[in-house]
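Work through the exercises below with the sequence and the model side by side. Try each task before reading its solution.

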Amino acid sequence: MGRARWAALLIAAAAVMAVCAPRAKPLNLVVLTLDTFRADRLGAYGSARGLTPAIDALARDGVVFETALSVAPLTLPAHTSLFTGLFPPRHGVRENAGVLPDGTGDRTLASFLARAGFQTGAFVASSVLDHSRGLARGFARYDDVEPTRDELGGLRARRSADQVVTRATHWIDSLDHARFFAWLHFYDAHAPCTPPARHVGAHALPYDAAVAFVDEQVGVFIRSLEQRGLLDRTVIVVVGDHGESLGDHGEATHGLFVYEPVLHVPLIVRAPGTGLHGRRVGGVVRGVDVMPTILQLLGVSASAAIDGESLWPLDRPAARVAYVENLYPHARFGWSAIRALRTERFKVIETARPELYDLATDPGEQHNLFDTEHALARRLLRDLHEHAGVDAIADAAALAPWTRDRLASLGYVSSGPPRLGGPLDGRDPKDMVTVFNALTSLPASHRPAASPAPVTGSEVH
Ligand SMILES: [Zn+2]
């Protein structure tokens, strides 16, 4: 990232006072992360499937960010960006095998809120987010998943939404009215989807049934807050970590591509006391913007550099762009990695064979304009590299020869010695989708191992 973009963003208490009127009791915080949730499955985002009445009700009472984008189609990097406000090149968790470095660990949302006097509890549903990954820092209670052997010898490393809700509710009851931050993680929409039978019969796709089950359990949790008199004393944030392809561009699940079905996620903020009900906000919003937004709402300072920016006040004009990366194809399979820049209208994707899409006229990302829109491609790539910075997956000299030649023809890449074996070398993910689908449907023990430490469990991406 360029120095200007990495400049410190200090959340000042004075700014908070301009947003939040004084209130008798300080607000609690609940963050609900919906794993593998496509925005287009929610009524609040235009779905007519009727899967999400509980989340839609939160949306009616709060603010819907219409173009919220994941920073990476991978659970751990995406969650780490949500809870640090940093893009992956800066927090260092580039893949699900990563671990949040010590130097970043005390700059998590939970750490800031704990120092501000919050009781902090996390209730996660997948071993991809277990305590060893670094996100437990700042949480007084980190209730993660113990992998256990199933009858076939595989590792079961997830828990269902009803278990998450039950454990979180018990914890809140134990707090004796202390101010709290609760993070609930719902993993049921992540393949393989095995929702309860009452939902399976009602929906054609197991994925849709799993979304409906998660929504049902969100409703149970919201009612429990209401019964305890906490609903209007609690900021509730609903956010997806990434979506699911469901066959888009041939990808069955997620982890290979960065097309819209895996990037566009729900982001809903219900903030009592702000007078904001049923607001819809357009414009690109990134996972890194969630933490600074929360801190400003709660009136908590973060004396650390944050890449994201607070989304309040809502009427402030902003032309954000989203940096996106996916190192999974390279780290696990030795294929080319991917990085991308998404603006309000365009997306440039840098990989072995780069792509450019005009989302205004081609929302399905079917017509690659990279070879015809030279000036636009050059400008977007320059912006992408400015965001990615020198510590990102590759600099221009490390691009795949094919890509380098193409960029040189655009007048973009200057001369420099080629470095073979860089993350953008290797096979283009577009050519490997059939193999990827087959490999990711295998048990973890049969897949290529990552370095340095493979994620244990039956689902790793
Ligand atoms: Zn995920």
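**Exercise 1. Find the cavities and describe the lining of the largest.**

Step 1. Searching the whole structure gives 2 cavities of 30 Å³ or more. A cavity is a set of points, on a 1 Å grid over the protein atoms alone, where a 1.4 Å probe fits but cannot get out. Points are joined across faces, edges and corners, and the volume is the space filled by probe spheres set on them.

Step 2. The largest cavity holds about 80 Å³. It is lined by 14 residues, and L69, L82, V239, G240 and G287 are the closest to its centre. Lining residues have an atom within 4 Å of a point.

Step 3. Assign the lining to elements. β2, α3 (75–84) and β8 each contribute at least two residues. Helices (H or I, at least four residues) and strands (E, at least two) are DSSP runs, numbered from the N terminus.

Before going on, note the ground rules. This is a predicted model, in which local features need pLDDT of at least 70 and side-chain atom pairs pLDDT 80 or more, while totals for chains, interfaces and linings use all residues. Residues are numbered from 1 along each chain as its sequence is written, and side-chain values use heavy atoms, without hydrogens and water.

**Exercise 2. Describe the site of the zinc ion.**

Step 1. List the protein donors: D35 (OD), T75 (OG1), D241 (OD) and H242 (NE2), at 2.0 to 2.1 Å from the ion. Donors are N, O and S atoms within 2.8 Å of the metal (3.2 Å for Na, K and Ca); water is not among the atoms, so sites may look incomplete.

Step 2. Check the angles. The 4 donor atoms make angles of 103 to 113°, and the site is tetrahedral. Four donors earn that label if all angles lie between 85 and 135 degrees.

Step 3. Read the spacing along the chain: D-x39-T-x165-D-H. D35 sits in the loop between β1 (28–34) and α2 (53–61), and H242 in the loop between β8 (234–240) and α10 (260–263). The two are 207 residues apart, so the pair links distant parts of the chain.

Step 4. Are D35 and H242 buried or exposed? D35 is buried, because its relative accessible area is 0%. H242 is also at 0% and therefore buried. Buried means under 20% relative accessible area, with a 1.4 Å probe and protein chains only.

**Exercise 3. Find what packs on α2.**

Step 1. Pick out its buried residues: A54, I55, D56, L58 and A59.

Step 2. Name the cover. It includes β1, β2 (63–69), α9 (206–227), β8 and β10 (267–270). Contact here means heavy atoms within 4.5 Å.

**Exercise 4. Map the nonpolar cores.**

Step 1. Apply the definition: a nonpolar core is a set of buried Ala, Val, Leu, Ile, Met, Phe, Trp, Tyr and Cys residues joined through side-chain atoms within 4.5 Å.

Step 2. The largest core has 93 residues; L29, F181, W183, F186 and L267 touch the most other members. α9 gives the most to this core, 10 residues.

Step 3. Another core lies apart from it, with 23 residues, including L256, Y328, A340 and M432.

Step 4. Look at Y328. It lies in helix α12 (residues 328–333). Y328 is buried, because its relative accessibility is 1%. Y328 and F257 are 71 residues apart in sequence, yet 9.6 Å apart in space, C-alpha to C-alpha.

Key. Four donors count as tetrahedral if all angles lie between 85 and 135 degrees; four count as square planar and six as octahedral if opposite donors are over 155 degrees apart and all others between 65 and 115; anything else is irregular. Buried means under 20% relative accessible area, exposed over 50%, partly exposed in between (1.4 Å probe, protein chains only). On a 1 Å grid over the protein atoms alone, a cavity is a set of points where a 1.4 Å probe fits but cannot get out, and a pocket is an open set with protein on both sides within 12 Å along at least five of seven lines; lining residues have an atom within 4 Å of a point.
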